[in-house]
Amino acid sequence: MNPDQRPKALLRAKISSLGTYVPPRVLTNADLEKMVDTQDAWILERTGIRERHLVDKGVATSDLAVEAARRCLAKRGVSPDEVEAIIIATVTPDMLFPATACLVQNKLGAHHAWGFDLSAACCGFVYALQVGTKLIETGAHKKVLVIGADVMSSIIDYTDRSTCIIFGDGAGAVLLEPAAEGETGMIDFMHEVDGSGGEFLYMPGGGSLHPPSAETVAQKMHYVHQDGQAVYKFAVRKMSEVTENLLARNGVEGKDLGAFIPHQANRRIIVSTAERLGMDSSRVIINIDRFGNTTAGTIPLAMQTALEDDRLHKGQLVLLASVGAGYTVGACLLRWEM
Ligand code: COA
């Protein structure tokens, strides 16, 4: 091809397959009652969570990601060799480097793929989805794996009742491919960052500012620290704002949506956003009761729940939305093409 030429029009991208994985071990609210001063009824009422899945010692984010990716590729009959790029959204990489995407590329046997990790906490999956979408739309690649995976239990203090009740471990992978003739697939994204909120949800230790030391461990700096109320207020406001703005920009109303598949941080945040959008509960996908907040894993895990419940069908308009540490805010409008 002439190096000065560029493709004239963007292609369209679609999600062509989905695979998810959660580790088998379950931690119920009753189990947590034995570990910290909390009650099943309090957790259920304030968050909507009944139980979450946690890894056993020695199981890392790459292990969950590889299993989700294998299931995703097998469903579509695609061999790992055909994958051209792997983007992993995570805040709990196996290690600081190499990137978890490299570890997954190797374990999966995706010999022709390049890849990288993307750090955007609970918005990681929607951010990675946009990056993967652009790789398809520009014609750069034809098969991109976008994976949201986190082992939150590796950074949670199980003596801190304000955080240990919320999080779980899990992963979900989608395959992005060019849409076929007549298909729409990915439509639009709207993302935002408000870095002034960084201090309300973060892990202070282990990076270049506070490298790991006996002191950082003694001060519990390698755990999640959260001001729950500050995060809650921001999330309620921003989830509504970003979803309303994205729908308005595309001339879509809540009634046009087949499904709203939000990040699962707190049932009350989801319900309040859905009410603002005028969506009845049958079209709002909630599985936080079974998995808790798996950070980058929640949206693909919720897609899986929607499919299993027969609430997600080809041709439906679907809205994804998330708010998380950073603060990060993200939303995506797409047409489901599977
Ligand atoms: N069990 C029992 N009581 C608890 C508790 C627990 N696990 N955690 C906190 N409490 C107590 C508090 O100590 C407080 O007691 P007090 O009134 O005597 O001081 C009371 O419950 C209310 O605490 P508060 O923090 O105001 O509760 P809340 O209704 O805000 O719920 C969260 C706490 C964390 C569930 C809620 O703030 C939340 O979901 N925030 C957003 C978190 C989030 O989404 N994070 C991820 C972003 S991606």
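This dialogue considers a helix pair, a ligand site and some backbone features of a predicted model.

Guide: Residues are numbered from 1 along each chain as its sequence is written. As the model is predicted, local features need pLDDT of at least 70 and side-chain atom pairs count only at pLDDT 80 or more, and side-chain values use heavy atoms without hydrogens and water.

Visitor: What makes α8 and α9 helices, and where do they lie?

Guide: Helices are DSSP runs of H or I with at least four residues, and strands are runs of E with at least two, numbered from the N terminus. Helix α8 spans residues 228–249 and helix α9 residues 267–277, so both qualify as helices. Their axes come within 9 Å and cross at roughly 35°; an axis is a line fitted to C-alpha atoms over the stretch in contact, with angles from 0 to 180 degrees between N-to-C directions.

Visitor: Why is the crossing of α8 and α9 called right-handed or left-handed?

Guide: A crossing is right-handed if the near helix is turned clockwise from the far one by less than a right angle, and left-handed if anticlockwise. The crossing of α8 and α9 is right-handed, so the near helix is turned clockwise from the far one.

Visitor: Which residues of α8 and α9 meet?

Guide: Contact means heavy atoms within 4.5 Å. Among those meeting are Tyr 232, Val 236 and Met 239 in α8, and Ile 269, Thr 273 and Leu 277 in α9.

Visitor: What makes the approach of Asn 266 to the ligand a polar contact?

Guide: A polar contact is a pair of N or O atoms within 3.5 Å. A polar side-chain atom of Asn 266 lies 2.7 Å from a ligand oxygen atom, so this pair meets the cut-off. For Thr 38, a side-chain N or O atom is 2.6 Å from a ligand nitrogen atom.

Visitor: Where are the cis peptide bonds of Pro 98 and Tyr 327?

Guide: One joins Phe 97 and Pro 98, with omega about 5°, and Pro 98 lies in the loop between β4 and α4. Another joins Gly 326 and Tyr 327, with omega about -10°, and Tyr 327 is in the loop between β12 and β13.

Technical notes: Polar contact = N/O pair within 3.5 Å; in protein donor to acceptor, adjacent residues only side chain to side chain.
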